[in-house]
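Got your viewer open? Let's take a walk through this one together, picking a few residues at a time.

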Amino acid sequence: MTTPRLSVVVPAYNEAESLPELHRELVVALDALDMTWEVLYVDDGSRDGTDRAIERICAEDPRARGILLSRNFGKSAALATGFKEVRGAFVCTMDADLQDDPAELPRLFAALDQGYDLVSGWKVKRRDPITKRLPSKLFNAVTSTVAGVRLHDFNCGFKLYRREVVDALEVYGVNHRPRRFGQSKFGASRFVNGFLDLLTAAFISTSALKPLHVFGRIGLAFLLTGFGLGVWFVVQWAHGEPLRVRPLMLGGAASVLLGIQFILMGLLGEMIAHQSARDDYPVRRRFNA
């Protein structure tokens with residue numbers, strides 16, 4: 001079997017109506033690139049017949065491959081599973097809802113040819129309601145500030161990158177189309193979850209996977225504050241000042257307790273960090289494996 005030059009990974013959750021049209025457009029766009037290719041559809045535990053749609057596509061086109069996860073793990077898990085299966089020197093990711101236009105692929109490759117390792121799409125003319133656009137702009141601004149990476153659209157799933165991706169990123173505008181089938185799988189909770197994920201990513205990247213370095217410093221600061229207040233009250237007592245419960249004394253005791261709690265959190269985090277992260281998810285079935 002010829003090794004494909006380009007692998008396209010498409011995570012799908014309840015996108016049975018969109019997939020046939022998406023594959024037709026992908027075939028046209030990929031054939032125009034004049035390179036060997038494959039499309040890997042990863043069904044993230046759909047319940048609307050997405051698995052059957054993928055099976056039909058794979059039966060009709062040997063260049064399509066399908067992986068059905070045993071249940072819904074989330075988009076990140078579907079992408080991680082697809083990344084382990086790709087065979088191409090270049091990898092493209094895109095959503096299955098037809099909002100990413102496969103015809104934009106030549107523009108992404110043109111950007112990649114400029115020496116970048118990864119090109120991220122940007123929904124310049126976004127076809128979503130204002131209730132999604134405004135929170136997304138806020139999220140992108142906060143994420144850009146925290147991550148220190150200048151990107152207009154962190155949420156865009158349309159990306160092209162080399163297998164040996166490093167840190168270089170560049171944003172290029174891509175055509176974003178209105179949803180034609182079904183409803184968005186992300187409600188208001190996506191922004192809450194996204195913010196929490198941002199905190200997680202920021203913590204991991206800044207603490208160098210050493211939770212004790214972060215929580216330990218905070219804990220030591222509270223401990224030193226609490227012990228300092230305790231010593232001060234002892235000195236006052238040694239000079240004849242009667243001991244009595246006062247807010248500052250309670251604050252010192254609380255600082256000691258908080259310090260112990262933070263250090264214990266750091267130790268617990270170290271134990272968790274030393275456990276191997278999960279990078280495989282149970283697969284129910286494969287097509288054209």
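## A salt-bridge tour

Start by selecting Arg-285, which counts as partly exposed, with a relative accessibility of 41%. Keep in mind as you click around that this is a predicted model.

Now add Glu-55 to your selection. The two side chains form a salt bridge, and their closest N and O atoms are 3.4 Å apart. Color helix 2 (residues 50-60) and strand 8 (residues 283-287): Glu-55 sits in the helix and Arg-285 in the strand, so this pair ties together parts that lie 230 residues apart in sequence. Is Glu-55 buried, exposed or partly exposed? Glu-55 is partly exposed, at 32% relative accessibility.

Next stop: select Arg-65 and Glu-38. Here you'll find another salt bridge, with 3.0 Å from N to O. Show the strands as well, and you'll see that Arg-65 belongs to strand 3 (residues 64-69) while Glu-38 belongs to strand 2 (residues 37-43), with their positions 27 residues apart in the chain; the pair links distant parts of it. Try switching on a surface and looking for these two. Arg-65 has a relative accessible area of 7%, so it counts as buried, because the cut-off for that is under 20%. Glu-38 is buried too, at 1% relative accessibility.

For the third pair, pick Asp-61 and Arg-63. What do they form? They make a salt bridge, and the closest N and O atoms are 3.1 Å apart. Check each partner on the surface: Asp-61 is buried at 8% relative accessibility, whereas Arg-63 is partly exposed at 33%.

Now bring back Glu-38 and Arg-65, and add Glu-85, Arg-87 and Arg-286. Which residues are joined into one network by salt bridges that share partners? It's these five: Glu-38, Arg-65, Glu-85, Arg-87 and Arg-286. Show their side chains as sticks and trace the network from one to the next.

How many salt bridges does a search of the whole structure find? The search turns up 12, and the pairs you've visited are among them.

One last stop, away from the charged side chains. Select Gly-121, which you'll find in strand 5 (residues 118-123). Gly-121 is buried, with a relative accessible area of 0%. To finish, draw a distance line from its C-alpha to the C-alpha of Leu-105: your viewer should give 10.0 Å, for two residues that are 16 apart in sequence.

Note on methods
Residues numbered from 1 in each chain as written. Predicted model: local features only at pLDDT ≥ 70, side-chain atom pairs only at ≥ 80, totals over all residues. Heavy atoms only, no water. Salt bridge = Lys/Arg side-chain N within 4 Å of Asp/Glu carboxyl O. Helix = DSSP H or I, 4+ residues; strand = E, 2+ residues; numbered from the N terminus. Buried < 20%, exposed > 50% of the residue type's maximum accessible area, 1.4 Å probe, protein only.
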